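Hi,

Here is the structure I said I would pass on. Have a look through it first, and then read my notes below.

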Amino acid sequence: MADLKRTGAGFTRLAPTPSGFLHMGNAINFLLTEKLARALGWNVRLRIDDLDAERVRPNYVEDVFRSLEWLGITWDEGPSGPADHYASWSQQLRLARYGELVEALHHGGHPVSYTQPTLQNSDI
């Protein structure tokens with residue numbers, strides 16, 4: 001930790017998954033992350049990890065914002081609330097681009113397999 005500098009050039013992120021209500025572990029992680037970022041002069045980004053569309057629920061997305069507000073956590077980049085998240089920040093909005101990148105990897109000689117529980121790249 002001694003190597004970290006207060007440059008103001010860094011950033012960190014909070015990336016809750018709205019597949020359930022936030023819990024104490026999330027709260028502690030987010031509080032410590034924000035405190036460290038602020039001490040270093042870094043920005044905090046909120047990126048809600050909503051790729052698992054089958055498990056994401058609107059009330060869980062709302063809970064993210066209510067919980068962060070209750071904890072007094074602020075962020076510099078990311079959605080301002082649930083409506084802004086769905087309109088501009090949801091990862092679901094980028095699924096087509098993610099698909100294009102997977103295809104580019106495949107056509108570039110980096111086959112990706114979805115047959116295992118985890119993605120496998122044959123070159124790694």
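Let me start with a question: in which helix do Arg38 and Glu34 both lie, and how many residues apart are they? The answer is helix H1, where the two are 4 residues apart, about one turn of the helix. Before I go on, keep in mind that this is a predicted model.

**Salt bridges**

The structure holds 6 salt bridges, and the pair I just asked about is one of them: Arg38 and Glu34 have their closest N and O atoms 3.7 Å apart. Glu34 counts as buried, because its relative accessibility of 11% is under the 20% cut-off. Arg38 is partly exposed, with a relative accessible area of 32%.

Arg38 has another partner as well. Asp76 forms a salt bridge with Arg38, and here the closest N and O atoms are 2.6 Å apart. Asp76 sits in the loop between H2 and H3 while Arg38 belongs to helix H1, so this pair ties together parts that are 38 residues apart in sequence. At 41% relative accessibility, Asp76 is partly exposed. Put together, Glu34, Arg38 and Asp76 are linked in a network of salt bridges.

Over in helix H4 there is a salt bridge between the side chains of Glu100 and Arg97, at 3.2 Å from N to O. These two are 3 residues apart, again about one turn of the helix. Both ends are partly exposed: Glu100 has a relative accessible area of 46%, and Arg97 has 47%.

**The chain as a whole**

The protein chain has 4 helices and 4 strands, and from the N terminus on the order is β-α-β-α-α-α-β-β. It has 124 residues, of which 25% count as buried. Among contacts with a separation of 6 or more, 68% are between residues 24 or more positions apart. The accessible surface comes to about 8400 Å², with 57% of that belonging to carbon and sulfur atoms.

**The core**

The largest nonpolar core has 13 residues, and the ones that touch the most other members are Leu14, Phe30, Leu46 and Leu68. H1, strand S2 (43-46) and helix H2 (58-71) are the elements that give two or more residues to this core. H2 provides the largest share, with 4 residues.

Leu46 is worth clicking on. Leaving aside neighbours within four places in sequence, Leu46 is in contact with Leu14, Pro16, Phe65, Leu68, Trp75, Glu77, Gly78 and Pro79.

**A nonpolar patch outside**

On the surface, Met24, Ile28 and Leu32 make a nonpolar patch of about 330 Å². Met24 is found in helix H1, which covers residues 24-40. With 60% relative accessibility, Met24 counts as exposed, because the cut-off for that is over 50%.

**Ser90**

One last spot is the loop between helix H3 (82-89) and helix H4 (95-107), where Ser90 is found. Is Ser90 buried or exposed? Ser90 is buried, with a relative accessible area of 3%. Not counting residues up to four places away in sequence, Ser90 touches Asp50 and His85. A polar atom of the Ser90 side chain also lies 3.1 Å from the backbone nitrogen of Gln92. As for Arg47, it is 43 residues from Ser90 in sequence, and the two are 8.2 Å apart in space, C-alpha to C-alpha.

Cheers

Notes:
Residues are numbered from 1 along each chain as its sequence is written. This is a predicted model: local features need pLDDT of at least 70, side-chain atom pairs count only at pLDDT 80 or more; totals for chains, interfaces and linings use all residues. Side-chain values use heavy atoms; hydrogens and water are left out. Patches are made of residues with over 30% relative accessible area and no salt bridge: like charges are joined within 9 Å, nonpolar side chains (Val, Leu, Ile, Met, Phe, Trp, Tyr) within 5 Å. Accessible areas come from the Shrake-Rupley method with a 1.4 Å probe; for residues, only the protein chains shown count as cover. A salt bridge is a side-chain nitrogen of Lys or Arg within 4 Å of a carboxyl oxygen of Asp or Glu. Buried means under 20% relative accessible area, exposed over 50%, partly exposed in between (1.4 Å probe, protein chains only). A nonpolar core is a set of buried Ala, Val, Leu, Ile, Met, Phe, Trp, Tyr and Cys residues joined through side-chain atoms within 4.5 Å. Contact means heavy atoms within 4.5 Å. A polar contact is a pair of N or O atoms within 3.5 Å; within protein, one must be able to donate a hydrogen and the other to accept it, and residues adjacent in sequence count only if both atoms are side-chain atoms.
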